[in-house]
Amino acid sequence: MKNKIVRINILVLVIIGLIAGIVKISPVVFTGYEMYKKATETMSIQDKIEEIKQKKDYITFDKIPEEYIKQVLKSEDRRFYYHFGFDPISTARAMANNIIAGSYSQGGSTITQQLAKNMYFSFEKKYERKVAELFVAYHLEKELTKDEILELYCNIAYYGEGCYGLKEAAKHYYGVNPLKLSHAQIKALVWTIKSPNNYNPHVYRGSIA
């Protein structure tokens, strides 16, 4: 009888915890959805994609070095070809690290989420923005192939010193087109994405493993 009462009490506490969690999360989800709606109503996702493709230095997937694709997937999103825009493993790891750090220090974003952020949202670390990203990421994954998403990402990612997109960054830092980048230059540019102002080739001179 005593064990039964203990189990019931534990169950009640779990249920209360779940309800409290849902109540706490609900406003964040609602605000994030409103951010997504406002952004995409101002400019639709398809129109935003077309705007990106009109850039002078836009390059198609076949003009991006295979080595660059390999390195950016290794650095930013190892399971890119196996998820649907959201990676629960990376997100869970980031959440655990944030709890340990006591702050929002990691986001666990997939490449699709990073593309969504770069298309529409600020870099401010807020959970509402992460929710908005997820809605855009879901739309991108539904409408585009993985290679199309990667192509857009490589054309909109920020590389520091006012450079957006791989072609612009390759010209700015090394004076070459992307297909002419060396292995070391590719690794340096991929590393730059993590913190463009701190790790770009004109600032960061450390070794890159």
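Is Tyr33 buried, exposed or partly exposed? I looked up its relative accessible area, which is 32%, so Tyr33 counts as partly exposed (buried is under 20%, exposed over 50%, partly exposed in between, with a 1.4 Å probe and protein chains only).

**Ground rules.** I am working on a predicted model, in which local features need pLDDT of at least 70 and side-chain atom pairs count only at pLDDT 80 or more, while totals for chains, interfaces and linings use all residues. Residues are numbered from 1 along each chain as its sequence is written, and side-chain values use heavy atoms, with hydrogens and water left out.

**Aromatic pairs.** I then listed the ring pairs (Phe, Tyr and the six-membered ring of Trp, centres within 6.5 Å; planes under 30 degrees apart are stacked, over 60 edge-to-face, the rest tilted), and the count came to ten. For Tyr33 and Phe135 the centres are 5.0 Å apart and the planes stand at 70°, so this pair is edge-to-face. Tyr33 belongs to helix H1 and Phe135 to helix H6, so the pair ties together parts 102 residues apart in sequence (helices are DSSP runs of H or I with at least four residues, numbered from the N terminus). Phe135 is partly exposed at 29%, and Tyr33, Tyr36 and Phe135 make up one aromatic cluster.

**Core.** Next I looked up the largest nonpolar core (buried Ala, Val, Leu, Ile, Met, Phe, Trp, Tyr and Cys residues joined through side-chain atoms within 4.5 Å), which has 41 residues, and in which Tyr68, Met119, Leu140 and Tyr159 touch the most other members. Among the elements that give two or more residues to this core are helix H5 (111–120) and helix H7 (146–156), and H7 gives the most, with six. I checked Leu140 for contacts (heavy atoms within 4.5 Å) and, leaving aside neighbours within four places in sequence, found Ile45, Ile49, Thr112, Leu115, Ala116, Met119 and Ile149. Nine of the ten residues of H5 are buried, so this helix is largely enclosed by the rest of the structure.

**Around Tyr120.** Tyr120 is one of the buried residues of H5, and I followed it to Met43, which is found in the loop between H1 and H2 and is partly exposed at 26%. The two are 77 residues apart in sequence and 9.1 Å apart in space, C-alpha to C-alpha; beyond four places in sequence, Met43 is in contact with Lys48, Glu51 and Tyr120. Lys48 in turn lies over the face of Tyr120, at 5.3 Å from the ring centre (NZ of Lys or CZ of Arg within 6 Å of the centre and within 35 degrees of the ring normal).
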